[in-house]
Amino acid sequence: MRIDPKKLRRLLVSVVMTMSVALTSACGSSSEEGDKTLRIAFGSNGSDGQKVWDQAAAKFEADNPGWKVEFQVQNDDLYQTVGLQNLLTSNNAPDVYFEWAGARLVNKVNAGYAADITDLVSSSGLDQQFAEGAFGTTSVDGKVYMVPFTSDVTNVIWYNKDMFAEKGLSAPTTWAEFLTLCEKLKSEGVTPLAVGNKDLWVAGNWIGHLISRSAGESVYDKVMSKQMPMNSPEFVKGLTYLTDLQKGGYVNASANTIPDNEGYNLFLQGSAAMLPIGSWLIGIAQEQAPDINLGWFNLPAIDGGAGSQESIMGVTTGYIVNAKSTKQDKAVEFLKDAFSADLVGAWNAAGFTVVAKSADAGTLDPVTQSMVDLLNSGASIVAPPDTGYDLKMADALNTAIAQVLDGVKTPQEALDEAQAKVETQ
Amino acid sequence: MKPTSKFGVLILVAPAVFIYAFAVLLPFVGTIALSFARWNGFGTPEFAGFDNYIRAFHDTVFVSSFGHMLFYIATTLVVEVAMGLLLAGVISSGRFMGYPRVALFIPVMLPMVVIAVLWGAVFNPDFGAMNAFLSAIGREDWRQVWLGNPATALPAISLVSGWIFAGFYMAIFNAAFARLPQDVIESARLDGANERTLFWRIKVPMIRQVSSVAMLLCITGGIQGFDLFYVMTNGGPYNSTEVPTTYMVKAVFRDMEIGFGSSLSVILTIVGLVIAIFFRKWRSTRQEDVEY
């Protein structure tokens, strides 16, 4: 068969042309005129959480005929790293998106992706759905940039109530009592503390709290915000308390090699007596060890510590309205529906300790309720290294903590190294 | 057949060139460009000159990650290539033809992540098979937190790598042995060479080109090595198993420093190229190939 080269050329040219036209049109298909779709982005909340979102969307769509709510749900890890970034710079950028209060919120404000919603929050009446002062952690320089969603305690020390009762032990209140307790448990052949620190944030969160107790909240904040060096004597002293635990052999030897969930398992299966972690353990325990009798105590008080000895380590999450969105008023209206008093109960049932005020109090299970009470106790709240501050600072501190936890470096050596690392960045 | 029109030829290669440019060239050039910028993924990248590179050379974690990579390469040359060669020698001598050959090749067919999770469990200090085995043979004192001790973590990962790829190199060497001319081997046998002499003096020298390729594969594989490290230790404990690839991923996806991460990848590419060039030079100047 003979092919006419001219015909072939014409055919190929037309194929290439069609392809490129299709490509360019696909890239540029965003219709701004009369766009009545509200896009909400977050990392997956699980199926129970999604049901609550769907209820909120149904209400919003009923109140605003012609409007549609679209959820941009991603895998949690993806969302936290590159996922949100990609969404915000895409053509279908979300109008509302999930974030953590603290350094991540400040980053979004500085990058111009967070709208100042101070006026909208009060004019829409959204602020009436929250207790006074709830917007404190979600404001930057006195302006509201975020609507608070949940508050989580990220560090208390969980213990197995039945095991403690059996051995005649009680929750300690001071560091000295805590060490005695650990020694007793160890002598009975139980690992006192389980930690799954492969990803470093677990011990970082717990020992960060310990350091803030010893060094004081303001020194902790200054060091983590790079206003004081990592190897400040206050930090070295704070980290020295960890060497008590390391020398006693009170933490599982595998701490730095196992991920967080394996650490939870050691505790839930009863091979370890205590577990320092946040309120999310409640949901995990319900699923994996429904029979365990969970108790908790806040980090024991450090004698002569500069910080408040009642302080709580905690984190607030919330929703930011995209500064580039043209539908900011509708976005706030939607958040008002989502965090209305009617839905707070549904959020709680789905395992979220939401900040918004609820219509009917007292529907929580006692352990969850005790977490909410702890948050509302008025004690000062310290931010964990990884969600509250620059991730590189958190990594430097958390690496130092891991080294001291294994006893390969002294607190001074580990923090000197951390400081050197921070300086090269 | 001679092409009738140059334009026609261009049109025919255009789709391939287009895809190649889009998927390979563009990201390649883009990475180099970004390595001179400061960019967190938002907004516009700002020009940073050589700052990223200067920072990379001062970054102790990054510099030491090359040491870990070299250790990994050196170890895997032994546990993968040399081991594969020995296994192929045993197998090609006629013994253990069927089942052992398949068994040794199976790890190559498993996904790396699965293997990493599996061996992570073997090395687990609380319930892992490794420590259980040591206890069983009465060596309680040899029990270790294998992946949590900076002295054992890297060797442990290299060992797993050997467990996977020894079978792969065995298959390559076995194929090379199989196509050696039988007359040479028969004459050697007639001259009284036993299997061991045959292996070291005849077979191994005759597959020199194949072993060069195998070593190069192992070296470049070591430079790219990521999955085992990422799943088994993610660079820990305290950066003692950090390799350039895991550190790069942290820089870009955790710290959102896309410019800095790009400069790390450019440095790694250059180091990889230099190693490959030196390796080729070294292999080609050593001795003449055996003709057959």
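**View 1. Two salt bridges turn up across the interface of chain B and chain A**. Keep in mind while looking that this is a predicted model. One to look for is the pairing of Glu257(B) with Lys392(A), whose side chains come together at 2.9 Å, N to O. The interface also holds six residue pairs in polar contact, with both partners at pLDDT 80 or more.

**View 2. On chain B, the side that touches chain A draws on helices H1, H2, H11 and H12**. Each of these chain B helices puts in two or more residues: H1 spans 6-34, H2 spans 51-58, H11 spans 227-232 and H12 spans 244-254. The top giver is H1(B), with four residues. Sort this face of chain B by class and you get 16 nonpolar, 10 polar and five charged residues.

**View 3. Chain B and chain A bury about 2700 Å² between them**. Carbon and sulfur atoms make up 66% of that area. Three residues are worth picking out here: Phe42(B), Tyr238(B) and Arg254(B) account for 26% of what chain B buries against chain A, more than any other three residues. In terms of who touches whom, 31 residues of chain B meet 33 residues of chain A.

**View 4. Chain A splits into two domains, and chain B touches both**. Domain 1 of chain A takes in 37-152 + 315-375, while domain 2 of chain A takes in 153-313 + 380-423. Their C-alpha centres sit 30 Å apart. To the contact with chain B, domain 1 of chain A brings 15 residues and domain 2 of chain A brings 17.

**View 5. Inside chain A, domain 1 and domain 2 bury about 1300 Å² between them**. Here carbon and sulfur atoms give 72% of the area. On the domain 1 side, look for Asp152(A), Met371(A) and Leu374(A): they lose the most area to domain 2, and together they make up 42% of what that side buries. No salt bridges are found between these two domains of chain A, but there are three residue pairs in polar contact, both residues at pLDDT 80 or more.

**View 6. Helix H15(A) gives the most to the face of domain 1 that touches domain 2 of chain A**. H15(A), which runs 366-375, supplies six residues to this face. Helix H4 (103-110) and strand E6 (147-160) of chain A also give two or more residues. By class, this side of domain 1 of chain A has eight nonpolar, four polar and three charged residues.

Definitions and conventions
Residues are numbered from 1 along each chain as its sequence is written. Chains are lettered from A and ligands numbered from 1 in the order in which they are written. This is a predicted model: local features need pLDDT of at least 70, side-chain atom pairs count only at pLDDT 80 or more; totals for chains, interfaces and linings use all residues. Side-chain values use heavy atoms; hydrogens and water are left out. Contact means heavy atoms within 4.5 Å. Buried area is the accessible area (1.4 Å probe) that two parts lose on being put together, summed over both. A salt bridge is a side-chain nitrogen of Lys or Arg within 4 Å of a carboxyl oxygen of Asp or Glu. A polar contact is a pair of N or O atoms within 3.5 Å; within protein, one must be able to donate a hydrogen and the other to accept it, and residues adjacent in sequence count only if both atoms are side-chain atoms. Ala, Val, Leu, Ile, Met, Phe, Trp, Tyr, Cys and Pro count as nonpolar, Asp, Glu, Lys and Arg as charged, and the others, Gly among them, as polar. Domain bounds come from an automatic or database domain assignment.
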